[in-house]
Each structure stands twice: as structure tokens, then as C-alpha cells.
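Colleague: Could you take a close look at the aromatic side chains in this model and then follow the contacts outward from there? I would like one connected account rather than a list.

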Amino acid sequence: MSAQSKVTVRLTPVGRYYAFLVVGIFLAAMVRQVNLLLLLSGLIAAPLFLSWRMARRNIRHLTVRRRIPPRVCAGDLLVVDLELELLPRRGRAWMVSVSDRIRRDGSSSGSSEECVRVFFPYVDGTSPRTLAYRGRIARRGCYRLGPIVLATRFPLGLFEARCQLDIYDQISVCPRLGRLTENWNRRHHFTYEGGSRSERCADRVSGDFYGLRSWQTGDSPRLVHWRSSARHGKLLVRQFDRPREQHLTVLLNLCCSASQHERHDAVKNEQDVEKAISFVATVIHDLCRKGGRSLLLGVSAEDIVWLGGPASPGFLERAMDVLTRVELSETDRLVTLFAEARRRSPQHADFLLVTTSPLRFRPGLARDLGGPSGRRNAPATRPGQSSTLVRDIRLEVIDVTSGNLEDIFEYQNVARS
């Protein structure tokens with residue numbers, strides 16, 4: 001987009017002092033009728049005209065293009081390329097600054113807006129010049145980039161020519177991904193492998209055997225091929241090309257009661273919500289990377305959103321879009337969420353429930369979710385975290401407010417650059 005018809009020129013602070021000097025000398029020459037002073041005022045006024053003319057012409061034929069990634073995770077490095085080109089391909093431009101604005105959608109004016117400035121010392125008509133700015137966005141959400149403002153004070157700094165280009169782009173900042181600890185991988189290794197509880201008892205995994213691979217951390221000892229391992233001098237495990245597909249239903253309940261909105265709890269509530277969303281995003285990312293199962297994601301916030309399909313890059317992309325836009329709600333729809341999830345999920349499905357609503361004050365949770373509490377399948381490692389059988393459904397409940405995510409999930413350290 002060209003800046004030809006939108007250029008505005010104004011005096012800089014130095015230019016105003018210089019203009020006052022010219023006007024003062026001119027008025028003194030007129031009052032005293034001194035021709036030398038009049039000639040001097042004309043000579044001093046020439047740089048003003050030259051600066052105005054060249055500053056305006058310096059950005060008249062410039063075009064800007066912005067290249068951004070479609071999405072980035074919160075905390076990851078964001079690199080935005082700005083390409084400045086002179087059209088038509090003749091002439092030159094010097095000392096041009098390009099300002100870009102980043103603002104979060106839905107925020108009040110100026111509350112979460114950042115201005116970035118990139119300086120181009122020289123642009124000619126032979127080829128476009130590209131510079132980049134980079135940074136990290138800490139908060140997930142949808143962000144809007146633009147408008148772009150071109151500015152120059154070349155050559156003398158007496159006038160500043162500015163041009164605003166209505167070039168806008170959207171970027172999605174997905175939830176920050178973390179790392180699932182060994183405690184999580186140890187408990188959920190068999191479900192990630194595609195095996196079921198009955199298959200573990202039978203000491204095998206269903207599917208056609210097609211090869212061996214090296215041992216990896218978290219692999220089941222039952223899959224080790226001991227004869228081949230002894231022959232090659234390293235552990236080798238069996239692989240199966242068509243394991244029986246397993247289903248996991250991931251439920252995220254984002255609820256914050258009115259009492260939790262008190263001032264002293266506001267920061268902690270926001271941290272709990274963001275950590276719960278990041279944990280769910282990390283689990284789905286890990287499952288989609290490994291594949292071999294079907295997923296159902298249910299998010300209860302202002303509305304209940306459902307997303308289902310095989311664990312794949314396509315499902316991961318859609319899930320990230322949902323988790324990017326979700327917001328906290330004051331209405332607790334946990335019972336409705338779980339009842340609908342049971343209706344949508346196949347039999348013998350595994351359930352993972354992550355909630356920001358404190359469960360330690362709800363001893364009848366299992367009964368509310370649709371069945372008797374049943375027997376314990378595994379002892380809870382912390383208050384608010386349990387693994388329970390509810391009517392042939394393996395349900396794992398994680399209450400984020402109890403602080404039990406520390407054992408199974410952690411943020412990765414961000415490398416500064």
C-alpha cells in the first residue's frame with residue numbers, strides 16, 4: 001500500500017525554534033528596512049523549504065508489507081518481518097522509521113497496547129529492504145497488529161513527515177505449552193501406547209507386529225524383545241502398526257464463583273485458570289504428537305464447546321483455537337458438562353477432568369457426576385487429584401486450586417534472546 005496521498009508534514013521542536021528565528025529576522029528587516037537582514041532571512045528560510053520538500057518526498061512512494069506467523073504460543077518468540085520497498089523503482093529514501101502497534105482484542109483502549117519501532121537507514125529502488133522486530137507475548141488471546149506509521153525527519157530534522165497505513169493483521173497467541181513430568185508419563189504410559197487394561201494383563205498390545213525400535217524413556221518393560229536386545233547389546237521394544245484405538249475425553253471446567261473474584265484472589269484465580277488451560281493444551285499436544293487414539297474435548301466457560309476427532313495435527317490446531325479464545329465463567333456447569341460428555345463418549349472411555357472450581361468443598365462429586373463413588377483405582381497423590389471408576393469409566397479429576405499440578409506439569413524455562 002502506498003503512502004502517496006496520506007503524508008502529513010509538521011514542524012519538529014527544533015524546526016519551531018528555527019522558524020521563530022527566521023520570522024524574527026524577517027520582521028526586524030521589515031521594521032528597520034535593512035536589505036541585508038531581509039536577504040539573510042531569505043537565505044535562512046531556504047533550509048526550511050528544503051527540509052519540508054525532501055521530508056515529504058522521502059516517504060511518498062514507500063510501500064510496506066508485514067509477514068507474521070499465523071499463531072504462536074504464549075511466551076514463545078514472535079518474529080515479525082517488515083519489508084519496505086520504494087515504488088516506482090527509482091530514487092532513494094533515507095532515515096525512515098516504521099512503527100507498528102500490537103493490541104489484544106477485547107481490551108480497553110491503551111490498556112494492553114504496545115508500539116514497536118523499526119528504523120531503516122536507507123532504501124533504494126533496486127530491491128526491498130527487510131528488517132524484523134521480535135518479542136514475547138505473555139498472555140494468550142487474539143491480537144491485532146496495525147496500523148503502520150511511516151515517519152522521517154530527513155534531511156535536517158526541521159520537519160517530520162508522517163504517513164499512517166491501514167494495514168492490519170490478526171495473530172492467535174495460543175496457551176503456553178509446558179512439560180508433563182515423569183509422574184504423569186508413568187501413570188499414563190499404557191494409555192498413550194494404545195493399550196487397554198485387559199491388554200496389560202495379557203502382556204501384549206493388539207495390532208500387527210511390524211518391527212523393533214530402541215528403548216525410550218517411559219516404554220513398558222512388557223514390550224521389550226529380550227532376545228533381540230541381547231543380540232544387539234541394547235534394549236529394543238516391539239512396535240505394532242494397528243493398535244486398538246483408545247478414546248480419551250478431556251473436560252475443562254473454567255468456573256470462578258463471585259466470592260473468588262475478591263481483590264486479594266484476583267491474581268491467583270487468573271494464574272490458576274491460565275495454568276489449567278496450559279495443562280490441557282499440553283496434554284492434547286502430547287497426544288496429537290503420538291497419535292493412535294480418538295479425542296473429545298469439552299470446555300465449559302461462558303458456553304460449553306465440544307470438539308472431537310482423531311489425535312492429529314488438524315485436531316490440535318482446532319483445539320488450540322478453542323483454548324485461545326475461552327474465557328472464565330461465573331456459572332458452574334460441571335454436572336451438565338460431564339453428563340453430556342458421557343453421552344458423546346463411547347463405552348470404556350477414559351476421562352480427564354480439569355477444573356478451577358474447588359472440589360474440596362464438594363464431597364459428593366462422584367455422585368453428582370452420575371454414579372456411585374465406586375472403588376479406588378489408584379490413591380490420590382494430592383488433595384483434589386484422584387483416579388476413580390465411575391460406572392466402568394476411568395475418571396481422573398484434577399482440581400487446579402489444590403495445587404496438585406506441580407507434580408505432573410511444569411512450565412519450561414523461556415530462553416532469552
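Modeller: Phe279 is buried, with a relative accessible area of 0%, and its ring partner Trp184 is likewise buried, at 2%. In this predicted model, the ring centres of Trp184 and Phe279 are 5.4 Å apart and their planes stand at 90°, so the pair is edge-to-face. The two residues bring together distant parts of the chain, since Trp184 belongs to helix α3 (residues 182–187) and Phe279 to helix α7 (residues 263–290), 95 residues apart. Ring pairs extend this into a cluster that links Trp184 and Phe279 with Phe409 and Tyr411. One member of that cluster also meets a charged residue, as Arg176 lies over the face of Tyr411, at 4.3 Å from the ring centre. An arrangement of this kind is found again at Tyr168, where the charged end of Arg144 sits over the ring, 4.1 Å from its centre.

The structure holds seven aromatic pairs. Among them is the pair of Phe49 and Trp52, whose ring centres are 6.1 Å apart and whose planes meet at 35°, so this pair is tilted. Phe49 and Trp52 are three residues apart in helix α2 (residues 35–58), which means that about one helical turn separates them. Phe49 is exposed, with a relative accessible area of 57%, whereas Trp52 is partly exposed, at 33%.

Turning from rings to charges, a search of the whole structure finds 19 salt bridges. In one of them, the side chains of Glu85 and Arg65 meet at 2.5 Å, N to O. Glu85 lies in strand β4 (residues 77–86) and Arg65 in strand β2 (residues 62–67), so the pair ties together parts that are 20 residues apart in sequence. Glu85 counts as buried at 6% relative accessibility, while Arg65 is partly exposed, at 38%.

Strand β2 takes part in another salt bridge through Arg66, which is paired with Asp169 of strand β10 (residues 169–174), so that parts 103 residues apart in sequence are tied together. The closest N and O atoms of Arg66 and Asp169 are 2.5 Å apart; Arg66 is buried, with a relative accessible area of 9%, and Asp169 is partly exposed, at 24%.

A further salt bridge joins Glu327 and Arg104, with the closest N and O atoms 3.8 Å apart. Here too the pair links distant parts of the chain, with Glu327 in the loop between α8 (313–325) and α9 (334–344) and Arg104 in strand β5 (residues 92–104), 223 residues apart. Glu327 is partly exposed, with a relative accessible area of 38%, but Arg104 counts as buried at 10%. Elsewhere, salt bridges link Arg10, Arg153, Glu160 and Arg162 into a network.

As for covalent links between cysteines, a search of the whole structure finds zero disulfides. Cys174 is buried, with a relative accessible area of 2%, and the closest cysteine sulfur to its own is that of Cys73, at 5.1 Å, too far for a bond.

Finally, His247, in strand β14 (residues 246–253), is buried, with a relative accessible area of 13%. Its side chain makes polar contacts with the side chains of Thr249, at 3.0 Å, and Ser294, at 2.8 Å. Beyond its neighbours within four places in sequence, His247 is in contact with residues including Arg293, Leu295, Ser345 and Asp350.

Notes. Residues are numbered from 1 along each chain as its sequence is written. This is a predicted model: local features need pLDDT of at least 70, side-chain atom pairs count only at pLDDT 80 or more; totals for chains, interfaces and linings use all residues. Side-chain values use heavy atoms; hydrogens and water are left out. Helices (H or I, at least four residues) and strands (E, at least two) are DSSP runs, numbered from the N terminus. Buried means under 20% relative accessible area, exposed over 50%, partly exposed in between (1.4 Å probe, protein chains only). A polar contact is a pair of N or O atoms within 3.5 Å; within protein, one must be able to donate a hydrogen and the other to accept it, and residues adjacent in sequence count only if both atoms are side-chain atoms. Contact means heavy atoms within 4.5 Å. Rings of Phe, Tyr and Trp (its six-membered ring) pair if their centres lie within 6.5 Å; planes under 30 degrees apart count as stacked, over 60 as edge-to-face and the rest as tilted. A charge sits over a ring if NZ of Lys or CZ of Arg is within 6 Å of the ring centre and within 35 degrees of the ring normal. A disulfide is a pair of cysteine sulfur atoms within 2.5 Å. A salt bridge is a side-chain nitrogen of Lys or Arg within 4 Å of a carboxyl oxygen of Asp or Glu.
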